[in-house]
Amino acid sequence: MALGSLYQAMGDLQASERWYGAATQGEPNYAGAWRAQGLLFSLQGKSEEAVASFRKSIDLAPGDGRSKFLLGRLFKSQQKLALAKPLLQEAAEKLGTPTA
């Protein structure tokens with residue numbers, strides 16, 4: 001997964017996608033790999049793939065608010081507010097709210 005992150009940081013999204021795919025295949029129960037893949041898909045405009053990856057991450061780690069936040073943010077950007085709101089609320093509960 002580290003190589004996927006490295007290639008993403010360098011802007012090589014195709015290589016990043018390959019490495020995240022290898023990570024999810026090699027460790028299919030690792031929620032972090034699914035979350036990272038979902039974020040990459042979201043950045044690429046591959047919304048359906050992003051949703052699937054975020055949902056898999058949430059299924060594997062329901063107590064982790066990061067994937068809920070990212071999926072909620074994606075739904076919000078698509079104006080799917082009824083789907084976004086509960087995810088963002090759960091994420092805020094899990095992650096806490098920032099203080100000024």
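**Exercise 1. Determine where Q79 lies and whether this residue is buried or exposed.**

Solution. Q79 is placed in the loop that joins α5 and α6. The structure is a predicted model, and the values that follow are computed from it. The relative accessibility of Q79 is 61%. The cut-off for an exposed residue is over 50%, so Q79 counts as exposed. The backbone of Q79 adds one further feature: its phi is near 65°, a positive value in a residue other than glycine.

**Exercise 2. Establish how α5 and α6, the helices on either side of this loop, are oriented relative to each other.**

Solution. Begin with the geometry: the axes of α5 and α6 come within 8 Å and cross at roughly 150°. Angles over 145 degrees count as roughly antiparallel, and α5 is therefore roughly antiparallel to α6. The handedness of this crossing is left-handed.

Next, identify the residues involved. From α5, the contact is made by G65, R66, K68, F69, L71, G72, R73, F75 and K76. From α6, the partners are L81, L83, A84, L87, L88, E90, A91, K94 and L95. Sorted by class, the contact of α5 with α6 has 10 nonpolar, 2 polar and 6 charged residues.

**Exercise 3. Carry out the analysis for α3 and α4, and state which classes of residue form their contact.**

Solution. Helix α3 covers residues 31–43, and α4 covers 47–60. Their axes are 8 Å apart and the packing angle is about 160°. With the cut-off for roughly antiparallel at over 145 degrees, α3 and α4 are therefore roughly antiparallel to each other. The crossing of α3 past α4 is left-handed.

On the α3 side, A31, W34, R35, Q37, G38, L39, F41 and S42 make the contact. On the α4 side, the residues are E49, A50, S53, F54, K56, S57 and L60. The contact of α3 with α4 divides into 7 nonpolar, 5 polar and 3 charged residues.

**Exercise 4. Find which residues make up the largest nonpolar core and which elements give two or more residues to it.**

Solution. The largest nonpolar core has 11 residues: F41, A50, V51, F54, I58, L70, L71, L74, F75, A84 and L87. Two or more of these residues come from each of α4 (47–60), α5 (65–77) and α6 (81–95).

A50 serves as an example of a core member. Leaving aside residues up to four places away in sequence, A50 touches G38, F41, S42 and L74. Of these, F41 and L74 also belong to the core. In soluble globular proteins, nonpolar side chains tend to be buried together.

Definitions and conventions. Residues numbered from 1 in each chain as written. Predicted model: local features only at pLDDT ≥ 70, side-chain atom pairs only at ≥ 80, totals over all residues. Heavy atoms only, no water. Core = buried A, V, L, I, M, F, W, Y, C linked by side-chain atoms within 4.5 Å. Buried < 20%, exposed > 50% of the residue type's maximum accessible area, 1.4 Å probe, protein only. Helix = DSSP H or I, 4+ residues; strand = E, 2+ residues; numbered from the N terminus. Contact = heavy atoms within 4.5 Å. Axes fitted to C-alpha atoms, helices over the stretch in contact; angles between N-to-C directions. Parallel < 35°, antiparallel > 145°, perpendicular 65-115°, else oblique. Left-handed = near helix turned anticlockwise from the far one by under 90°. Nonpolar A, V, L, I, M, F, W, Y, C, P; charged D, E, K, R; others polar.
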